[in-house]
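User: Please take me through this structure in a series of questions, with the reasoning set out for each answer.

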Amino acid sequence: EQQQEGLMTDIAISENTKVTLNFALLLDDGSEVDSNFGKDPATFAVGDGSLLPGFERALFGLLPGAEAEFLVKPENAFGQPNDNNIQVVGRDQFEEALELERGMVFAFADAAGSEVPGVVADFDDAEVTIDFNHPLAGRTITFRVHIHDVEAAELH
């Protein structure tokens with residue numbers, strides 16, 4: 001790709017940029033949590049909420065064409081597990097016929113009426129312990145990226 005002198009200048013990722021990239025999220029054992037490598041790249045505007053701030057900040061300064069890998073600590077990724085996010089509900093909140101298993105995910109309504117996922121951590125005949133922590137809470141995430149394009153974002 002030849003570019004005319006002075007016409008195009010690569011800009012680095014920063015506030016007020018729009019980024020097109022492929023990315024992968026990996027756990028410390030190398031297992032992949034999410035990836036769009038091999039698919040069309042995703043485009044997002046810095047600060048639009050598509051990426052957690054800790055992942056966005058890791059990208060700052062990268063130029064189009066860059067490939068990089070970052071370790072994102074739990075506090076900058078999905079947070080640390082919080083004991084307050086573990087709640088016990090009555091077994092009668094679930095259909096009797098339902099065979100509960102550890103690790104099952106259910107959607108629960110929060111105070112605002114939004115759906116939040118909860119994972120069955122434990123249960124007996126009377127009570128079910130639900131863990132509302134993000135499944136990746138407490139995990140260090142490897143964030144692998146290939147930056148395709150960076151452009152100035154339209155400011156509204």
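The exchange below moves from the overall form of the protein to its sheet, its cores and selected residues.

User: How many helices and strands does the protein have?
Analyst: The model is a predicted one. From the N terminus on, its elements run β-β-β-α-β-β-β-β-β-β. The protein accordingly has 1 helix and 9 strands.

User: Is the protein a compact globule or more spread out, and what is its radius of gyration?
Analyst: The C-alpha atoms fill a box of roughly 75 × 40 × 25 Å along the principal axes. For 156 residues the globule rule gives 15 Å, and the value for this protein is well over that, so the protein is more spread out than a compact globule. The radius of gyration is 21 Å.

User: Among contacts between residues at least 6 apart in sequence, what percentage join residues at least 24 apart?
Analyst: One example of two residues brought together from distant places in the chain is Thr 17 and Glu 154, which are 137 residues apart along the chain while their C-alpha atoms are separated by 8.2 Å. For contacts in the protein between residues at least 6 apart, the share that join residues at least 24 apart is 63%.

User: Which strands are the edge strands of the open sheet of 4 strands?
Analyst: The sheet has the order E5-E8-E7-E6, with antiparallel pairing. An edge strand pairs on one side only. The edge strands are E5 (86–90) and E6 (105–109).

User: What is the average twist from one strand to the next in this sheet?
Analyst: The twist concerns the open sheet with the order E5-E8-E7-E6. From one strand to the next it averages 45 degrees.

User: Which residue in E8 stands opposite Asp 122?
Analyst: Strands of a sheet pair through backbone hydrogen bonds, either parallel or antiparallel. Here strand E7 (residues 115–123) and strand E8 (residues 127–131) pair in the antiparallel sense over 4 bridges. The residue in E8 opposite Asp 122 is Thr 129.

User: Which strand gives the most to the largest nonpolar core?
Analyst: The largest nonpolar core has 22 residues, and those with the most contacts inside it are Leu 59, Phe 143, Val 145 and Ile 147. Strand E1 (17–26), helix H1 (53–59), strand E4 (67–72) and strand E9 (141–152) each supply at least two residues. The strand that gives the most, with 5 residues, is E9.

User: With which residues is Leu 59 in contact, leaving aside its neighbours within four places in sequence?
Analyst: Leu 59 is among the residues with the most contacts inside the largest nonpolar core. Leaving aside those neighbours, its contacts are Ile 13, Leu 21, Phe 44, Leu 51, Phe 70, Phe 143, Val 145 and Ile 147.

User: How many residues are in the other core, which lies apart from this one?
Analyst: In soluble globular proteins, nonpolar side chains tend to be buried together. The core that lies apart includes Phe 94, Leu 100, Phe 108 and Val 128. Its number of residues is 7.

User: How many aromatic pairs does the whole structure hold, and what is the geometry of the pair of Phe 94 and Phe 108?
Analyst: A search of the whole structure finds 7 aromatic pairs. The rings of Phe 94 and Phe 108 have their centres 6.3 Å apart and their planes at 80 degrees. The pair links distant parts of the chain, with Phe 94 in the loop between E5 and E6 and Phe 108 in strand E6, 14 residues apart. Planes over 60 degrees apart count as edge-to-face, so this pair is edge-to-face.

User: Is Phe 94 buried or exposed?
Analyst: The cut-off for burial is under 20% relative accessible area. The relative accessibility of Phe 94 is 9%, so Phe 94 counts as buried.

User: Where is Asn 36 found, and what is its relative accessible area?
Analyst: Asn 36 is in the loop between strand E2 (32–35) and strand E3 (42–45). Not counting residues up to four places away in sequence, Asn 36 touches Leu 21, Asn 22, Phe 23, Pro 41 and Ala 42. Asn 36 is buried, and its relative accessible area is 8%.

User: Is Asn 16 buried, exposed or partly exposed?
Analyst: Asn 16 lies in the segment before E1. Its phi is near 60 degrees, a positive value in a residue other than glycine. With a relative accessible area of 43%, Asn 16 is partly exposed.

Note on methods:
Residues are numbered from 1 along each chain as its sequence is written. This is a predicted model: local features need pLDDT of at least 70, side-chain atom pairs count only at pLDDT 80 or more; totals for chains, interfaces and linings use all residues. Side-chain values use heavy atoms; hydrogens and water are left out. Buried means under 20% relative accessible area, exposed over 50%, partly exposed in between (1.4 Å probe, protein chains only). Contact means heavy atoms within 4.5 Å. Two strands pair if DSSP finds at least two bridges between them. Axes are lines fitted to C-alpha atoms, for helices over the stretch in contact, and angles run from 0 to 180 degrees between N-to-C directions. Rings of Phe, Tyr and Trp (its six-membered ring) pair if their centres lie within 6.5 Å; planes under 30 degrees apart count as stacked, over 60 as edge-to-face and the rest as tilted. A nonpolar core is a set of buried Ala, Val, Leu, Ile, Met, Phe, Trp, Tyr and Cys residues joined through side-chain atoms within 4.5 Å. The radius of gyration is taken over C-alpha atoms; the globule rule is 2.2 Å times the number of residues to the power 0.38.
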